[in-house]
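Please open the model in your viewer and keep the sequence panel beside it. The stops below tell you what to select next and what you will find there.

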Amino acid sequence: MRTVIAGGHGKIALRLTRLLAARGDEVISLIRNPEHAQDVRAAGGEPVVCDLERAQVEEVAAHMKGAEAAVFAAGAGPGSGAARKDTVDRAASVLLADAAEQAGVRRFVQISSMGAGNPPDPDRGEVWAAYIEAKTRAEEDLRARDLDWIVLRPGRLTDEQGTCLVTLAEPPVSPGSVPRDDVAAVIVTLLDTPEVRNRTLELTSGDTPIVGAVRALLP
Ligand SMILES: NC(=O)c1ccc[n+]([C@@H]2O[C@H](COP(=O)([O-])OP(=O)(O)OC[C@H]3O[C@@H](n4cnc5c(N)ncnc54)[C@H](OP(=O)(O)O)[C@@H]3O)[C@@H](O)[C@H]2O)c1
């Protein structure tokens, strides 16, 4: 399988790249900083420098030709302000989805966030509100498309070792955290289970093995 990962140098993205490459899949990693190319190669991906806040849809679509799946794993990151929540967390996802449609890539996994789709907690300030607004609008854009989409909303991400034990279900799931390792492993299993599509799923650590949690979502 050939998968395009937007934000290919991200922490989840590199974990996902390692998992996919280890079993012989091809990974095309869209990165904006050329200095990240070596890390992507070391993980087993093919780096392509493509700044998703500047690229045109035709350019992104050209990088997606021949892929079976796209994963939106980019994010403006914790140090960024409200403007980049819009240009990355919303607009770059819209751009990737436009490009997926143009390139004929039907399977699309969007990493969103728990909290999206709900009013933001006013105590968390303006940047949080902009982040939730951006994720919510990116989700709405994806749901309206004729793609085989999954909106995946992880809880608070950690760098702890994965346990492969999760709660994965349609909202609402009780708030919680989840290791990035497990988010990557869930995405691999979702990519392998095309029958699970057009669903919004929340993800935290839990007590169900990942394969069983995804199987439980089969129609
Ligand atoms: N932190 C949490 O607790 C939490 C919870 C739920 C969901 N999430 C979401 O989960 C997703 C992945 O999280 P993560 O921790 O793996 O993220 P991460 O490590 O911050 O990775 C995000 C990646 O997006 C890239 N990116 C930013 N702007 C870009 C652009 N214009 N073009 C191409 N790539 C660009 C970044 O590249 P640069 O290094 O060049 O900036 C970075 O490699 C994010 O969308 C995040 O919002 C986070």
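## Starting point: A6

Begin by selecting A6, which, leaving aside its neighbours within four places in sequence, is in contact with L30, L52, V71, F72, A73, A74, A92 and L96. Keep in mind throughout that this is a predicted model. A6 is also among the residues that touch the most other members of the largest nonpolar core, together with L16, A70, L96 and I187, and that core holds 69 residues. In soluble globular proteins, nonpolar side chains tend to be buried together.

## The sheet as a whole

Next, colour the strands and follow the open sheet, in which nine strands are arranged in the order β3-β2-β1-β4-β5-β7-β11-β9-β12, with mixed pairing. Its edges are β3 (46–49) and β12 (208–209), each of which pairs on one side only.

## Strand β1 and its partners

Now select β1, residues 2–6, where four of the five residues are buried, so that the strand is mostly covered. β1 runs parallel to β2, to which five bridges join it, and in this pairing I5 stands opposite S29. If you trace the chain from β1 through α1 to β2, you follow a right-handed β-α-β crossover. β1 also pairs with β4, again in the parallel sense, over four bridges, and here I5 stands opposite V71.

## Strand β4 and the next unit

Move to β4, residues 69–72, and show its side chains: A69 and V71 point one way, A70 and F72 point the other way, and all of them are buried. In a regular strand the side chains alternate between the two faces of the sheet. β4 runs parallel to β5 (residues 107–111), with four bridges joining the two strands, and the bridge partner of F72 in β5 is Q110. Adding α4 to the selection completes a right-handed β-α-β unit made of β4, α4 and β5.

## Around the ligand

Select the ligand and the residues that surround it, of which there are 27, the closest being G7, G10, I12, L52 and G75. Two or more residues of this shell come from each of α1 (11–22), β2 (26–31), α4 (82–103) and β8 (156–158). Which kinds of residue make up the shell, nonpolar, polar or charged? Colouring by residue type will show 13 nonpolar, seven polar and seven charged residues.

## Further along the sheet: β7, β11 and D192

Continue to β7, residues 148–154, which runs parallel to β11 and is joined to it by five bridges. Within this pair, V151 stands opposite T200 of β11. Then select D192 in the loop between α6 and β11; D192 counts as partly exposed because it has 13 C-beta neighbours inside 10 Å. Measuring in your viewer from D192 to V109 should give a C-alpha to C-alpha separation of 12 Å, although the two residues are 83 residues apart in sequence.

## Backbone details in the loops

Most residues other than glycine have a negative phi, and most peptide bonds are trans. With that in mind, select N198, which is not a glycine and yet has a positive phi of about 55 degrees. N198 is found in the loop between α6 (180–191) and β11 (199–205), and it counts as exposed because 12 C-beta neighbours lie inside 10 Å.

C164 is another residue to inspect, with a positive phi of about 65 degrees although it is not a glycine. C164 is found in the loop between β8 and β9, and its 16 C-beta neighbours inside 10 Å are why it counts as partly exposed.

For the peptide bonds, select P171 and P172, between which the bond is cis, with omega near 5 degrees. P172 has its place in the loop between β9 (165–169) and β10 (177–179).

## Last stop: P119

Finish at P119, in the loop between β6 (114–117) and α5 (125–143). Is P119 buried or exposed? P119 is exposed, because 10 other C-beta atoms lie within 10 Å, and a residue with 12 or fewer is counted as exposed. To place P119 relative to another part of the chain, select V40 as well: the C-alpha atoms of the two residues are separated by 36 Å, and the residues are 79 residues apart along the chain.

Terms used: Residues numbered from 1 in each chain as written. Predicted model: local features only at pLDDT ≥ 70, side-chain atom pairs only at ≥ 80, totals over all residues. Core = buried A, V, L, I, M, F, W, Y, C linked by C-beta atoms within 7 Å. Buried ≥ 20, exposed ≤ 12 C-beta atoms within 10 Å, placed from the backbone. Contact = placed C-beta atoms within 7 Å. Near = placed C-beta within 6 Å. Nonpolar A, V, L, I, M, F, W, Y, C, P; charged D, E, K, R; others polar. Pairing = 2+ DSSP bridges. Right-handed = clockwise from strand over helix to strand, strands pointing away.
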